[in-house]
Amino acid sequence: MALTTSTNNNQALLDAQLELWHTTFAYMKSMALKSALDLGIADAIHSHGGNATLPQIGSRATPTLHPSKIPCLRRLMRVLTATGIFSAAHHDDAGGTELVYGLTPASQLLVGGSSSLTPFMSLVLHGIFVSPFFGLGTWFQQEHSDPSLFEMTHGQTAWDLNDHNPAFGQLFNQGMVCDSSFIMDIVVKECGDVFRGLSSIVDVAGGLGGAAMAISTAFPHVQCSVLDLPHVAANAPASTSVKYIAGDMFENIPPADAVFLKWVLHDWGDADCIKILKNCKKAIPPRDEGGKVIILDMVVGGQSSNIKHKETQVLFDLFIMFVNGVERDEQEWKKIIFEAGFSDYKIIPILGVRSIIEVYP
Ligand SMILES: C[S@@+](CC[C@H](N)C(=O)[O-])C[C@H]1O[C@@H](n2cnc3c(N)ncnc32)[C@H](O)[C@@H]1O
């Protein structure tokens with residue numbers, strides 16, 4: 001009896017230690033993914049017809065791997081297959097059995113071309129975005145939220161850094177464009193009704209206009225414009241159907257039937273969101289004339305029982321805290337929407353971890 005109790009205790013201790021180790025080393029998953037992005041492993045496998053051995057990946061990776069690193073590549077690929085980014089299967093040939101790596105639905109999204117999500121993943125895993133989290137414990141000791149964790153680390157806001165560091169600014173904007181192209185394709189197919197009846201829309205803080213371009217392509221009769229800071233608007237693509245306006249959403253939002261806000265309000269605290277939403281309300285007609293604000297952001301919680309879904313939302317919330325942003329639950333959205341003077345809202349939860357929220361004046 002005593003032996004069993006002691007064995008149970010020891011097992012419980014080992015399980016507890018495993019729990020700690022599992023979380024402690026979880027960042028190796030992110031770093032392995034970052035290496036795969038840096039080396040273009042998804043493209044290397046794709047260019048080999050969707051299946052490739054280690055030497056084939058090594059020679060097709062960009063930049064090319066040194067052949068002496070092939071045993072290390074095997075260890076990297078073991079993590080990336082254990083986490084579902086790539087698949088691995090034993091293939092028999094005349095020379096024996098070899099391990100062949102393939103693409104999964106996740107890594108298919110990393111294959112180059114206009115629909116690749118690589119720019120967004122590379123942005124989130126960039127040192128400029130990752131390094132602030134080493135100071136999170138220090139930031140928690142300060143009384144106020146200003147400066148943000150990002151400012152505490154880099155001495156400037158993310159928007160100023162994008163301006164002062166054009167190479168990073170470009171990475172940031174391209175990351176946003178690729179996410180917009182991906183999700184807007186689904187928005188247009190799954191909830192295109194949101195845009196029906198509109199003759200104009202302004203994509204506020206719309207970056208290089210990835211979302212506005214998708215709306216304009218799907219609904220050519222809708223006049224689309226993008227408002228963003230001058231240094232972003234200055235790099236906007238020429239000759240598109242979208243009009244780019246340099247400005248500040250805290251000062252003025254140009255008039256349109258609807259305002260679109262994708263991944264904007266989650267960057268700001270409640271007081272700033274209320275200012276932005278009040279400016280949106282000034283820019284649109286009344287509800288009976290079709291005026292509305294269309295928000296694309298997360299609504300934390302909701303219906304999903306999917307544990308990965310829930311965990312991703314709370315991880316994203318902790319991530320966005322680094323610019324003093326918040327991923328809000330429905331009650332938190334309701335508070336800022338009504339405090340900004342709107343009368344009603346509707347959540348359309350069909351974009352995975354994100355939702356569309358229609359907000360009516
Ligand atoms: C997270 S990005 C979202 C970009 C775009 N909506 C998307 O999802 O692809 C936030 C955007 O807000 C812009 N921004 C920040 N402050 C702004 C301001 N005061 N007025 C207008 N845009 C601003 C940034 O330049 C950046 O393009």
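**Exercise 1.** Find the bridge partner of Phe86 in strand 3, then work out how the strands around it pair up.

*Solution.* Start with the residue itself: Phe86 has Leu103 as its bridge partner in strand 3. A quick note before going on: this is a predicted model, where local features need pLDDT of at least 70, side-chain atom pairs count only at pLDDT 80 or more, and totals for chains, interfaces and linings use all residues. Residues are numbered from 1 along each chain as its sequence is written.

Next, zoom out to the strands (DSSP E runs of at least two residues, numbered from the N terminus, just as helices are H or I runs of at least four). Strand 2 and strand 3 pair, antiparallel, over eight bridges; pairing takes at least two bridges found by DSSP. The two form a hairpin, with two residues between them.

Now add strand 1. It pairs with strand 3 (residues 96-103) in the antiparallel sense over two bridges. Asn51 sits opposite Gly102, and Ala52 sits opposite Tyr101.

Put it together: the three strands make an open antiparallel sheet in the order 1-3-2. That leaves strand 1 (51-52) and strand 2 (86-93) as the edge strands, each pairing on one side only.

**Exercise 2.** Which strands does helix 5 touch, and how does helix 2 pack against helix 5?

*Solution.* Take the sheet side first. Helix 5 packs on the sheet and touches strand 2 and strand 3, with its direction at about 120° to that of strand 2. Contact here is C-beta atoms, placed from the backbone, within 7 Å.

Then turn to the helix pair. Helix 2 (residues 27-39) and helix 5 (residues 70-82) pack at about 115°, axes 10 Å apart. The axes are lines fitted to C-alpha atoms over the stretch in contact, and angles run from 0 to 180 degrees between N-to-C directions.

Finally, list who touches whom: helix 2 brings Met28, Lys29, Ala32, Ser35 and Ala36, while helix 5 brings Leu76, Val79 and Leu80. By class that's six nonpolar, one polar and one charged.

**Exercise 3.** How many residues surround the ligand, and which element gives the largest share of the shell?

*Solution.* Count first: 20 residues surround the ligand, the closest being Met176, Ala205, Gly207, Met249 and Trp263. Near means a backbone-placed C-beta atom within 6 Å.

Then sort by element. Helix 12 (166-191), helix 13 (210-218) and strand 5 (223-228) each give two or more residues, and helix 12 has the largest share, with three.

Last, sort by class: eleven are nonpolar, four polar and five charged. Nonpolar covers Ala, Val, Leu, Ile, Met, Phe, Trp, Tyr, Cys and Pro; charged covers Asp, Glu, Lys and Arg; the others, Gly among them, are polar.

Technical notes. Two residues are in contact if their C-beta atoms, placed from the backbone, lie within 7 Å.
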